[in-house]
Amino acid sequence: MRVAFVGKGGSGKTTLSALFARHLARSGAPVLAIDGDINQHLAEALSPDTSPGTEPVTAPPLAAHLTELKDFLRGTNPRIASPEAMIKTTPPGRGSRLLRLLGDDEVHARHVVRAGDVPLMATGEFEESDLGVACYHSKLGAVELYLNHLVDTPGEYVVVDMTAG
Ligand SMILES: Nc1ncnc2c1ncn2[C@@H]1O[C@H](COP(=O)(O)OP(=O)(O)OP(=O)(O)O)[C@@H](O)[C@H]1O
Ligand SMILES: [Mg+2]
């Protein structure tokens, strides 16, 4: 099951994403949290350590490894000749690699960190040039590709903290 927290700025998306993901993890369910917000605060919300000098964990950004992600996911799919030919809505086909939640693969190995009790992935910080209608989607495109290639089963959860609006 994929659950995205969306809504107006400051309405509680990050707080609720973190509480929900922590609740699932503590109840023993397989769960992955994804920070898809422009301001990346989910790690801090998942693991609010206030002791001096403690920084929240940072997940290696999905968007910074988009070419590797596409290359891995396209596998030997003959209809996708190169990573460049793959856009965020390109569906998997014969030869594509499908992912299992928190599976033993290079995508999860490279991108998942532990924030408190919860495995976390992140798009990465958005830069000034990413903001706006068109560009913002390029970062979330990495999350879309991940979700498009994920074969999740009942009782498994992906929780995505989205950006305002
Ligand atoms: N149910 C609640 N009751 C009272 N305060 C809350 C509640 N949920 C969140 N808050 C507080 O509201 C503020 C905004 O919450 P949060 O950062 O989760 O919102 P957001 O929707 O993720 O914001 P943004 O759009 O900036 O990402 C925080 O200070 C948070 O502690
Ligand atoms: Mg937020």
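Which residues of helix α3 (residues 66-74) are buried? They are L69, K70, F72, L73 and R74. Before going further: this is a predicted model. Just after α3 comes G75, and the phi of G75 is positive, near 55°.

I will stay with backbone angles for a moment. L102 also has a positive phi, near 55°, and L102 is not a glycine. Most residues other than glycine have a negative phi. L102 sits in the loop that connects α3 and α4. With a relative accessibility of 34%, L102 counts as partly exposed, because the partly exposed class runs from 20% to 50%.

Next, helix α1. It covers residues 13-26, which is 14 residues, and at 1.5 Å a residue the expected span is 20 Å. The C-alpha atoms at the two ends of α1 are 20 Å apart, so the model agrees with that expectation. Which residues of α1 are buried? The list is K13, T14, S17, A18, A21, R22, L24 and A25. These buried residues lie on the same side of α1, because they cover an arc of only 160° around the axis. On the face turned away from that buried side, α1 carries the exposed residues H23 and R26.

What do the buried residues of α1 pack against? Their partners are the strands β1 (2-5), β2 (31-36), β4 (118-122) and β5 (157-162), together with helix α2 (42-46). After α1 comes G28, with a positive phi near 95°.

K13 and T14 from that buried list turn up again around ligand 1. The residues around the ligand are K8, G9, G10, S11, G12, K13, T14, T15, D37 and A164. Three of the polar distances there can be read out in turn. For S11, a backbone N or O atom is 3.1 Å from an oxygen atom of ligand 1. For T14, a polar side-chain atom is 2.8 Å from an oxygen atom of ligand 1. For T15, a polar side-chain atom is 2.5 Å from an oxygen atom of the ligand. How much of the accessible area of ligand 1 does the protein cover? On its own, ligand 1 has 630 Å², and the protein covers 45% of that.

Now some single residues, starting with Q40. Q40 is placed in the loop between β2 and α2. Leaving aside residues up to four places away in sequence, Q40 touches D35, A122, T123, G124 and E125. Two of these contacts have a polar component that I can give a distance for. A polar atom of the Q40 side chain lies 3.3 Å from the backbone oxygen of D35. The Q40 side chain also makes a polar contact of 3.1 Å with the side chain of T123. As a reference distance, Q40 and A64 are 24 residues apart in sequence, and their C-alpha atoms are 14 Å apart.

Then the two histidines. Where is H149? H149 is in the loop between α5 (133-148) and β5. Its relative accessibility is 0%, so H149 counts as buried. A polar atom of the H149 side chain is 2.9 Å from the backbone oxygen of L145. Not counting residues up to four places away in sequence, H149 touches L73, M86, T90, P92, S96, R97, L98 and L99. L73 was one of the buried residues of α3.

H111 belongs to helix α4 (residues 106-111). Buried or exposed? H111 is buried, at a relative accessible area of 0%. Its side chain has a polar atom 2.7 Å from the backbone oxygen of P60. Beyond residues up to four places away in sequence, H111 touches A59, P60, P61, L62, H65, L120 and M121. H111 and G28 are 83 residues apart along the chain, with 22 Å between their C-alpha atoms.

Last, A115, in strand β3 (residues 113-115). A115 counts as buried, since its relative accessibility is 0%. Again not counting residues up to four places away in sequence, A115 touches A43, L46, S47, V57 and L120. L120 is also among the residues that H111 touches. From A115 to A4 is 111 residues along the chain and 18 Å between C-alpha atoms.

Notes. Residues are numbered from 1 along each chain as its sequence is written. Chains are lettered from A and ligands numbered from 1 in the order in which they are written. This is a predicted model: local features need pLDDT of at least 70, side-chain atom pairs count only at pLDDT 80 or more; totals for chains, interfaces and linings use all residues. Side-chain values use heavy atoms; hydrogens and water are left out. Helices (H or I, at least four residues) and strands (E, at least two) are DSSP runs, numbered from the N terminus. The expected span of a helix is 1.5 Å times one less than its number of residues. Buried means under 20% relative accessible area, exposed over 50%, partly exposed in between (1.4 Å probe, protein chains only). The arc is that of the directions from the helix axis to the C-beta atoms. Contact means heavy atoms within 4.5 Å. A residue is near a molecule or strand if one of its heavy atoms lies within 4 Å of it. A polar contact is a pair of N or O atoms within 3.5 Å; within protein, one must be able to donate a hydrogen and the other to accept it, and residues adjacent in sequence count only if both atoms are side-chain atoms. Accessible areas come from the Shrake-Rupley method with a 1.4 Å probe; for residues, only the protein chains shown count as cover.
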